[in-house]
Each structure stands twice: as structure tokens, then as C-alpha cells.
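Got a minute to go through a fold together? Have a look at the sequence and the model first, and then we'll talk it over.

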Amino acid sequence: QVFTPRHVMGVEAIVETEGGHIGRATCNSGVSVGTHEVKFAYDGGNRWGGRGVYSAVHAVNTLINDALCGMDVTRQYDLDQAMLAINGDGKAACGGNAIAAVSAALLKAGGKAQGVPLYRYIGGERACRLPVPAAAAFIGDNRWGGGVTNPGMKPSVSFQSYDFSSFSEASYAAWEVYTIWQEEMKKRDIPEGITFMYVIQKGKFKNSDEEIFELMANCIHRAGYDGRVGIQIDF
């Protein structure tokens with residue numbers, strides 16, 4: 001049981017093979033949770049506001065351990081299916097947090113057992129692409145989406161570095177653009193990490209979305225990353 005930010009308890013799983021290869025992974029619940037996401041196992045009661053995960057940890061050490069012990073660590077699909085089949089419904093029996101933590105730990109242990117980096121173990125010999133980094137401009141609110149059909153949806157807007165040869169270069173570009181963006185926010189007396197609704201209701205921008213996107217594009221241009229950093233909207 002691992003404490004993480006935003007008052008969320010995480011489940012950390014450790015897998016060790018007969019050959020001594022160790023995989024370790026943690027599964028935390030996200031800040032926003034969709035209606036179709038797998039349920040996590042929580043303890044209830046007063047401790048940790050009911051969000052303790054000793055029950056999930058117990059499932060890892062008993063039900064999941066019994067189901068997987070002796071299996072081939074490199075057969076990821078079989079391992080995952082074995083967990084899902086526990087007591088007829090592994091997600092309900094163990095909790096999504098227990099299963100996800102173990103699944104990720106198995107991946108890492110499997111990669112080490114094969115002697116290859118994790119990205120290549122998952123993606124194959126030709127794996128060469130990484131996810132791209134983003135820097136948040138405004139956090140979400142109910143300006144777009146939301147409403148009756150998606151009451152919990154809270155879109156956000158970010159700068160996204162998508163055309164770089166390495167993750168470190170892309171990450172630095174995101175930082176540079178974000179630094180310029182924050183300078184512009186300070187000129188307008190806008191607090192960091194604020195929502196679209198705030199800046200519109202307070203009259204910080206006259207034309208709302210259009211003016212904001214133009215300013216974001218200007219920050220990208222000033223940083224010298226036209227065509228390499230874009231605007232990403234998370235719906």
C-alpha cells in the first residue's frame with residue numbers, strides 16, 4: 001500500500017521469477033474516473049477516508065499469487081487471463097488496482113527475463129516510438145462537453161511536443177513554451193492552473209477560445225517551435 005498525491009492510495013506489486021528477475025509496478029486511481037472503468041478494491045471504513053487498499057494487497061498476496069505461481073512470466077496474455085478468471089470474475093474478486101499492478105510488474109519481470117528493454121519487450125524489435133510530452137495551459141471545466149450526456153467530463157488544453165527525435169528534446173521544448181505561456185498569464189494576472197471558465201468570467205480574454213488559442217500559437221512561435229509543438233485539447 002503506497003501513499004500518492006491527491007489522497008489516493010496505490011497498490012505496489014513485486015514479481016520475482018525463479019531466475020531472480022524482479023518486476024515492480026504501482027497502480028493508482030486516476031483523478032478523473034469514467035463510468036466504464038474497472039472498479040478498484042478499497043477497504044471502506046474511516047481509515048484513509050475509506051480509500052485504503054489492504055484488501056487489494058491481500059488479493060495480490062493470496063488469490064493472484066496462487067493463480068500465477070509456476071506460470072511462464074513471458075506469457076503475458078495467459079497471465080492476464082488467469083487473473084481475470086479468478087473466482088469467475090477476477091476484477092470483482094481482486095479489484096482492478098490489484099490486477100493492473102501485478103500485470104505491469106509481470107511485464108517488467110518478463111522483459112528482464114528476456115534481457116531486453118521494456119519498450120522493446122512490449123513493442124517488438126522495431127519498436128522506436130515513445131509517447132509525446134505535453135504541458136498544461138488550462139485545466140478542464142465544463143465549457144465544452146459535460147452536460148447531460150457526459151456530466152463528469154472536464155476538458156483541458158495543453159501544449160504538445162510531437163515532432164522531436166528524442167523525448168528529452170520534446171520535454172525541453174514543452175518547458176520552454178510553457179515558460180513563455182506563464183509569462184503571458186502573469187501579465188494578465190491569471191493564477192497558474194486555472195480554468196477556461198475563470199478567465200472568461202473574469203473578462204481576462206474578450207473572445208474566449210479563439211483569443212486563447214491565438215495566444216498559445218504565439219507562444220509556440222516565440223519559442224521557435226512552429227510545426228513541432230501543437231495545441232492539444234483533451235475531451
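Below are some questions and answers about this predicted model.

Q: What pLDDT does the protein average, and which element has the highest mean?
A: Start with the overall picture: 80% of the residues score at least 70, and the protein averages a pLDDT of 84. Element by element, strand β1 (residues 2-4) has the lowest mean, 55. The highest mean pLDDT belongs to α2.

Q: Over which residues does pLDDT stay under 50?
A: Where pLDDT is low, the predicted coordinates should not be read in detail. The stretch in question has ten contacts in the model beyond four places in sequence, and it is residues 144-151.

Q: Which helix supplies the largest share of the largest nonpolar core?
A: In soluble globular proteins, nonpolar side chains tend to be buried together. Here the largest nonpolar core has 25 residues, and I64, L68, M83, C94, V102 and L106 touch the most other members. Elements giving at least two residues each are β2 (8-16), β3 (22-27), α1 (54-68), α2 (76-84) and α4 (96-114). With seven residues, the largest share comes from α4.

Q: How many residues are in the second, separate core?
A: Its members include F159, V177, I220 and V229. In total, this second core has 20 residues.

Q: Which residues does C94 contact, leaving aside neighbours within four places in sequence?
A: C94 is one of the core residues that touch the most other members. Leaving those sequence neighbours aside, its contacts are A41, A56, A59, L63, I64, I86 and I99.

Q: Why do the buried residues of α2 count as being on the same side, and what arc do they cover?
A: An α-helix has 3.6 residues a turn, so residues three or four places apart point the same way. In α2, the buried ones are Q76, L79 and M83. They sit on the same side of α2 because the arc they cover around the axis is only 65°.

Q: How far apart are the end C-alpha atoms of helix α6?
A: Helix α6 (residues 167-187) has 21 residues, so at 1.5 Å a residue it should span 30 Å. The model agrees with that, as the end C-alpha atoms are 31 Å apart.

Q: What covers the buried residues of α6?
A: The residues being covered are A170, A173, A174, V177, I180, W181, Q182, E184 and M185. Their cover includes β4 (134-138), β5 (156-161), α8 (209-223) and β6 (229-234).

Q: Is S158 buried or exposed?
A: S158 is in strand β5. Beyond four places in sequence, it contacts A134, A135, A136, A137, M216, G230, I231 and Q232. Its relative accessible area is 8%, and the cut-off is under 20%, so S158 is buried.

Q: Is I22 buried, exposed or partly exposed?
A: I22 lies in strand β3, and beyond four places in sequence it touches I14, V15, E16, A109 and K112. The C-alpha atoms of I22 and G110 are 8.7 Å apart, with their positions 88 residues apart along the chain. With a relative accessibility of 34%, I22 counts as partly exposed.

Q: How many disulfides does the structure hold, and are C27 and C69 buried or exposed?
A: The disulfide count is zero. C69, at 64% relative accessible area, is exposed. C27 has a relative accessible area of 11%, so C27 is buried.

Conventions:
Residues are numbered from 1 along each chain as its sequence is written. Side-chain values use heavy atoms; hydrogens and water are left out. A nonpolar core is a set of buried Ala, Val, Leu, Ile, Met, Phe, Trp, Tyr and Cys residues joined through side-chain atoms within 4.5 Å. Buried means under 20% relative accessible area, exposed over 50%, partly exposed in between (1.4 Å probe, protein chains only). Helices (H or I, at least four residues) and strands (E, at least two) are DSSP runs, numbered from the N terminus. Contact means heavy atoms within 4.5 Å. pLDDT is the predictor's confidence in each residue, from 0 to 100. The expected span of a helix is 1.5 Å times one less than its number of residues. A disulfide is a pair of cysteine sulfur atoms within 2.5 Å. The arc is that of the directions from the helix axis to the C-beta atoms.
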